[in-house]
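Please look through the model shown here before reading the points that follow. They are meant for someone meeting this structure for the first time.

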Amino acid sequence: MFEISPAEWTAILLSLRVAVIATLVATPFGIALAWLLARRDFWGKSVLDAVVHLPLVLPPVVTGYLLLLTFGRRGLVGGFLADHLGIVFAFRWTGAALACGVMAFPLLVRPMRLSIEAIDRRLEQAAETLGAAPWKVFFTVTLPLALPGVLAGMVLGFAKAIGEFGATITFVSNIPGETQTISSAIYSLIQTPDGDAAAGRLVIVSIVLALGALIAAEWFARRATARLHGN
Amino acid sequence: MLRVDVEKQLGEFSLSASFTSEGRVIGLFGASGSGKSSLVNMIAGLLRPDRGTIVIDGETVDDTAAGIHVPTYRRRIGYVFQDARLFPHLNVAQNLDYGRRMNGLAPDPTQHRRIIDLLDIGALQDRRPGKLSGGERQRVALGRALLSKPRLLLLDEPLGALDEGRKLEILPYLVRLRDEANVPMVYVSHDAAELRQLATQIVMLKQGRVTSLGGVKVLT
């Protein structure tokens, strides 16, 4: 009964690839943004904060459509990237990764921001009195102390990315082997007669992945607390 | 050695202090709220004066008229805070080595050994700050500041967070430091007894103004 077919494996592996790439590419941007929101005051900060959170509250189909308009073949950015750099997003797995990255971004940034905010700034001052330039303070004090939060953000982002559906299917459609992730495979299967068993297997895989991610995020959060208390 | 002539407005509080010192240990004495910590933070570069100059060891680190403000990390000062502020993610040995690494200094085993012996912290090397007592933490903080080879050591109520017993435990180390480490110090305290034992010169602060200046005798 629980025999995963090659077609299902394709969807699972594609989902994993899409989610891993989306998470890895989003992470440096996430850290930079988290730091900016936690540590700097600047004009338009609340607007930036709202824009980052937008994918969380917007209907996913709207986000997907906006991505299609922007990064599609005839989109402003998509056209430029395709013509000059040969990077195509529309109807490719890379587009799925982009959609998942955008949708996962608010979840990825949040724990990172919270963990940076929780760091005692007086430790950074102490580092500075010991001769550390600001960028060294960041890499030797801020980032190591925020690391559990950074990892927790990556885990949550990954979990969101692997389950993303609405924006992905709107932007890159549902092409087996190219853009058909676990979610879109389940969607197709439950619309086909006799697809129930296969859909059920993919549902179980989804639950296992999501649960695993939540447990991992919780574990990282606990590590963060221990670390800040110097144990 | 140290020349300070600064003004700073902090909300309702105005600080205006001017003194010059050649002493080995300058004791900054005053009640809480007299502006001692703000003054030390200005010497450290953590706080920027509204007007004035600060000269450390012949180098002008602040001169508002000339637009000079050397950032903290380039002042080559050491700072021991009341609350130690050891890095919780590093063990004692890594904390001690931090300043040397950040300043790109070559390892100096002789100095390293001397300071570790002076402060009796050799046995703590592998421990995390969370597993140290308050007194041990403060000794490690002293060692960490000294090992960055500062030209001036700032101590802001380094015994302030310790109970009487711990204070008596640390004081002898500070006296040894004064006599053997060869680094001039600015020592902030509201405790006259402490300063009588340590300071060679006193700057007395009251409500943001220097009220007296001179030897330890001004404390009486």
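1. A convenient place to begin in this predicted model is A:C100, which, once its neighbours within four places in sequence are set aside, is in contact with A:V18, A:A19, A:A22, A:A161, A:E164 and A:T168. A:C100 also appears among the residues with the most contacts inside the largest nonpolar core.

2. That largest nonpolar core has 119 residues, and those with the most contacts inside it are, besides A:C100, the residues A:A99, A:V155, B:L28, B:L154, B:V186 and B:Y187. Its largest share, 15 residues, comes from helix 5 of chain A. As general background, nonpolar side chains in soluble globular proteins tend to be buried together.

3. Helix 5 of chain A covers residues 93-117, while helix 1 of chain A covers residues 6-39, and the axes of these two helices come within 6 Å and cross at roughly 40°. Because angles from 35 up to 65 degrees fall outside the roughly parallel and roughly perpendicular ranges, helix 1 and helix 5 of chain A are therefore oblique to each other. The crossing in which helix 1 of chain A passes helix 5 of chain A is right-handed, and the residues of this contact divide into 23 nonpolar, two polar and four charged.

4. Taken as a whole, chain A contains ten helices and zero strands, so that a reader following chain A from the N terminus on meets the elements in the order α-α-α-α-α-α-α-α-α-α. The C-alpha trace of chain A spans about 70 × 45 × 30 Å along its principal axes.

5. Of the 231 residues of chain A, 44% count as buried. Among the contacts in chain A with a separation of 6 or more, 77% are accounted for by residues that stand 24 or more positions apart.

6. How many residues of chain A are in contact with chain B? There are 19 residues of chain A in contact with 21 residues of chain B. On the side of chain A that touches chain B, at least two residues each are supplied by helix 6 (121-129), helix 7 (134-163) and helix 10 (196-228) of chain A, and helix 6 of chain A gives the most, with six residues. The residues of this side of chain A divide into nine nonpolar, six polar and four charged.

Note on methods: Residues are numbered from 1 along each chain as its sequence is written. Chains are lettered from A and ligands numbered from 1 in the order in which they are written. This is a predicted model: local features need pLDDT of at least 70, side-chain atom pairs count only at pLDDT 80 or more; totals for chains, interfaces and linings use all residues. Axes are lines fitted to C-alpha atoms, for helices over the stretch in contact, and angles run from 0 to 180 degrees between N-to-C directions. Helices (H or I, at least four residues) and strands (E, at least two) are DSSP runs, numbered from the N terminus. Angles under 35 degrees count as roughly parallel, over 145 as roughly antiparallel, 65 to 115 as roughly perpendicular and the rest as oblique. A crossing is left-handed if the near helix is turned anticlockwise from the far one by less than a right angle, and right-handed if clockwise. Ala, Val, Leu, Ile, Met, Phe, Trp, Tyr, Cys and Pro count as nonpolar, Asp, Glu, Lys and Arg as charged, and the others, Gly among them, as polar. Two residues are in contact if their C-beta atoms, placed from the backbone, lie within 7 Å. A residue is buried if 20 or more other C-beta atoms lie within 10 Å of its own, exposed if 12 or fewer, and partly exposed in between; C-beta atoms are placed from the backbone. A nonpolar core is a set of buried Ala, Val, Leu, Ile, Met, Phe, Trp, Tyr and Cys residues joined through C-beta atoms within 7 Å.
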